[in-house]
Amino acid sequence: GQVEYHSPYIWRFSLVAFAGAGDVFHGANTLHEIRIKPAGGIGVRYKLFKDRRMNLRLDLAAGKENHGVYLAILEAF
């Protein structure tokens with residue numbers, strides 16, 4: 001699962017905070033092996049066009065075993 005909060009836009013910029021948790025499993029016989037992994041981060045959005053929902057995203061994110069800086073266009077979902 002994942003939750004995300006977008007602040008209201010100021011000019012074309014918005015701040016974001018997000019958190020999530022989950023795991024991947026290969027079948028019903030491995031359900032007992034699930035280890036939920038938390039992750040979260042913060043980011044900045046820049047709205048590329050006033051009339052379209054297309055953002056340039058810059059995020060700082062961290063999980064239990066890794067972390068990173070991500071730059072992308074569009075939204076994660």
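This is a short tour of aromatic pairs, charges over rings, salt bridges and one pocket.

Before you start, note that this is a predicted model, in which local features need pLDDT of at least 70, side-chain atom pairs count only at pLDDT 80 or more, and totals for chains, interfaces and linings use all residues. Residues are numbered from 1 along each chain as its sequence is written, and side-chain values use heavy atoms, with hydrogens and water left out.

**Stop 1: the aromatic cluster**

Select W11, F13 and Y46, which form one aromatic cluster. The structure holds three aromatic pairs (rings of Phe, Tyr and Trp, the last by its six-membered ring, with centres within 6.5 Å; planes under 30 degrees apart are stacked, over 60 edge-to-face, the rest tilted). One of them joins W11 and F13: the pair is tilted, with 6.1 Å from centre to centre and 35 degrees between the planes. Now turn to W11 and Y46, another tilted pair, at 6.1 Å centre to centre and 50 degrees between the planes. W11 sits in the loop between β1 (2-6) and β2 (13-22) and Y46 in strand β3 (residues 37-47), so this pair ties together parts that are 35 residues apart in sequence. Strands here are DSSP runs (E, at least two residues), numbered from the N terminus.

Is W11 buried or exposed? Its relative accessibility is 63%, so W11 counts as exposed. The cut-offs are under 20% relative accessible area for buried, over 50% for exposed and in between for partly exposed (1.4 Å probe, protein chains only). F13, at 42%, counts as partly exposed, and Y46 is partly exposed too, at 22%.

**Stop 2: charges over rings**

Keep W11 on screen and add R12, whose charged end sits over the W11 ring, 5.7 Å from its centre. Next select Y9 and K47: K47 lies over the face of Y9, 5.1 Å from the ring centre. A charge sits over a ring if NZ of Lys or CZ of Arg is within 6 Å of the ring centre and within 35 degrees of the ring normal.

**Stop 3: the salt bridges**

A search of the whole structure finds three salt bridges (a side-chain nitrogen of Lys or Arg within 4 Å of a carboxyl oxygen of Asp or Glu). Select D23 and K37 for one of them; their closest N and O atoms are 2.7 Å apart. D23 is in the loop between β2 and β3 and K37 in strand β3, 14 residues apart. Both ends are partly exposed, D23 at 31% and K37 at 37%.

Now pick D59 and R45, with 2.6 Å between their closest N and O atoms. D59 lies in strand β4 and R45 in strand β3, so the pair ties together parts 14 residues apart in sequence. D59 is buried at 4%, and R45 is buried at 0%. Add R57, whose side chain meets D59 in a salt bridge at 3.0 Å, N to O. R57 is buried, as is D59. Salt bridges with shared partners join R45, R57 and D59 into one network.

**Stop 4: the largest pocket**

Finally, select P38, A39, G63, K64 and N66, which lie nearest the centre of the largest pocket among its 13 lining residues. β3, β4 (55-63) and β5 (67-73) each supply at least two residues of this lining. The pocket holds about 230 Å³ of space.

On a 1 Å grid over the protein atoms alone, a pocket is an open set of points where a 1.4 Å probe fits, with protein on both sides within 12 Å along at least five of seven lines; lining residues have an atom within 4 Å of a point. The volume is the space filled by probe spheres set on the points, which are joined across faces, edges and corners.

Technical notes
Helices (H or I, at least four residues) and strands (E, at least two) are DSSP runs, numbered from the N terminus.
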